[in-house]
Amino acid sequence: MIDVMSMTLSNIVAGCWRMAEWGWTPAQRLAWIEACIERGATSFDHADIYGGYAVEALFGEALALKPALREQMQLVSKCGIKLVSDARPAHRIKSYDCSREHIIASVENSLKVLRTDRLDLLLLHRPDALLDADEVAEAFDMLRRAGKVLSFGVSNYTPSQFELLNAATPLVTNQIELHPLERAPLHDGTLDQAQRLKARPMIWSPLAGGRLFTDTGAAATRVREALQAAAEAKGLTSVATAAYAWLLRHPSRPIPIVGSQRLAALDDALAALDWRMDAETWWGIWQAGAGHEVA
Ligand SMILES: NC(=O)c1ccc[n+]([C@@H]2O[C@H](COP(=O)([O-])OP(=O)(O)OC[C@H]3O[C@@H](n4cnc5c(N)ncnc54)[C@H](OP(=O)(O)O)[C@@H]3O)[C@@H](O)[C@H]2O)c1
């Protein structure tokens, strides 16, 4: 029997959002997938819309070169956003859709293009004001019974939106943005809820989409300096490792999703798993992001 109350993902997840921009051949994509797995990042984060509805197929094309790899990985995907795209000519405007029909059709397509028989985890990508919790629960139940999706969650949900759906069908995670420049989930109840429910949050853009390195604004500069100092005090050189250690320190046990194509960047994230940051360093980085000390 599948335990719908838990999910097993690697502690660092490989993000596939930007894969279409990498311009790689199928063999290069396969080599990257294998290298991630060898390093212990066995979970891959997708969405139907990534790359303008292209990324899942790019990944599936690589997986088809070595199908046995499927048993060594966990596949996460999302649905619920409808983009205006040549790939979906029926969409007139960008909108959300969490109807039973859309969820099931989107999953069927994800399975087809990823060339797999199951998703380990399906997330609703954005909160949808028209979401009917009972209808979503019905769709999830059909997918679960068919063995097509093993567990379910959401992304970018407020605590009350999570509560609404979680009362109708068990959710295992809320995938959210968190980094020293985006601290709201620490204080708005999102991570309190995750900790209470033991629903480990997945963290997107853990390096602020690269802004931690490139943004020349005052807050990003302060954060960079604080991360650099924390890394140096630990005898490390990587600002990114300090940024991951800051995330991993939270008691809700966050699971960061690495967005870089570079394996060295993945190694920076994996190195943080051994670092339990002391609280004063953690608050120093918080203070650098906030621009003021705690109350
Ligand atoms: N649920 C959602 O709504 C949502 C939204 C956004 C993303 N996501 C997921 O989260 C994943 C990660 O998001 P993200 O790509 O924004 O993550 P990120 O790790 O914060 O940003 C990655 C970007 O930072 C750049 N970067 C620059 N310097 C870097 C350095 N020293 N180390 C590492 N990266 C550096 C990377 O470029 P290089 O590749 O050149 O290193 C890459 O373009 C996505 O792949 C996707 O799976 C989910």
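This is a short tour of a predicted model, stop by stop, with a selection to make at each one.

**Stop 1: the barrel.** Select the eight strands that close into a barrel. Going round, the order is β1-β2-β3-β6-β7-β8-β9-β10, and the pairing is parallel. On average, neighbouring strands of this sheet are turned by 30 degrees against each other, direction ignored.

**Stop 2: strand β7.** Now select residues 152–155, which form β7. In a regular strand the side chains alternate between the two faces of the sheet. Are the residues on the two faces of β7 buried or exposed? Phe152 and Val154 lie on one side, Gly153 and Ser155 on the other, and all are buried. Both faces of the strand are therefore covered, as follows from the cut-off of 20 or more other C-beta atoms within 10 Å for a buried residue.

**Stop 3: from β6 to β7.** Add residues 121–124, strand β6. β6 and β7 run parallel and are joined by three bridges. To find the register, show Leu122, which stands opposite Phe152 in β7. Then add residues 133–145, helix α6. With β6 and β7, helix α6 makes a right-handed β-α-β unit.

**Stop 4: from β7 to β8.** Keep β7 and select residues 174–177, strand β8. Two bridges pair β7 with β8, in the parallel sense. Here Val154 stands opposite Asn174 in β8. The chain gets from β7 to β8 through helix α7, residues 159–166, and this β-α-β crossover is right-handed.

**Stop 5: helix α4.** Select residues 55–63. How many of the nine residues of α4 are buried? Seven are, so the helix is largely enclosed by the rest of the structure. The buried residues are Val55, Glu56, Leu58, Phe59, Gly60, Ala62 and Leu63. To see what covers them, display α1 (19–22), α2 (26–39), β2 (43–45), α3 (50–53), β3 (74–79) and α5 (100–114), which are among the covering elements. Of these, β2 and β3 also belong to the barrel of the first stop.

**Stop 6: helices α11 and α12.** Finish with residues 218–233, helix α11, and residues 239–248, helix α12. Their axes come within 8 Å and cross at roughly 95 degrees, which means that α11 is roughly perpendicular to α12. On the α11 side, show Arg224, Leu227, Gln228, Ala230 and Ala231; on the α12 side, show Val239, Thr241, Ala242 and Ala243. These residues make the contact, and they divide into six nonpolar, two polar and one charged.

Note on methods
Residues numbered from 1 in each chain as written. Predicted model: local features only at pLDDT ≥ 70, side-chain atom pairs only at ≥ 80, totals over all residues. Buried ≥ 20, exposed ≤ 12 C-beta atoms within 10 Å, placed from the backbone. Helix = DSSP H or I, 4+ residues; strand = E, 2+ residues; numbered from the N terminus. Pairing = 2+ DSSP bridges. Right-handed = clockwise from strand over helix to strand, strands pointing away. Axes fitted to C-alpha atoms, helices over the stretch in contact; angles between N-to-C directions. Parallel < 35°, antiparallel > 145°, perpendicular 65-115°, else oblique. Contact = placed C-beta atoms within 7 Å. Nonpolar A, V, L, I, M, F, W, Y, C, P; charged D, E, K, R; others polar.
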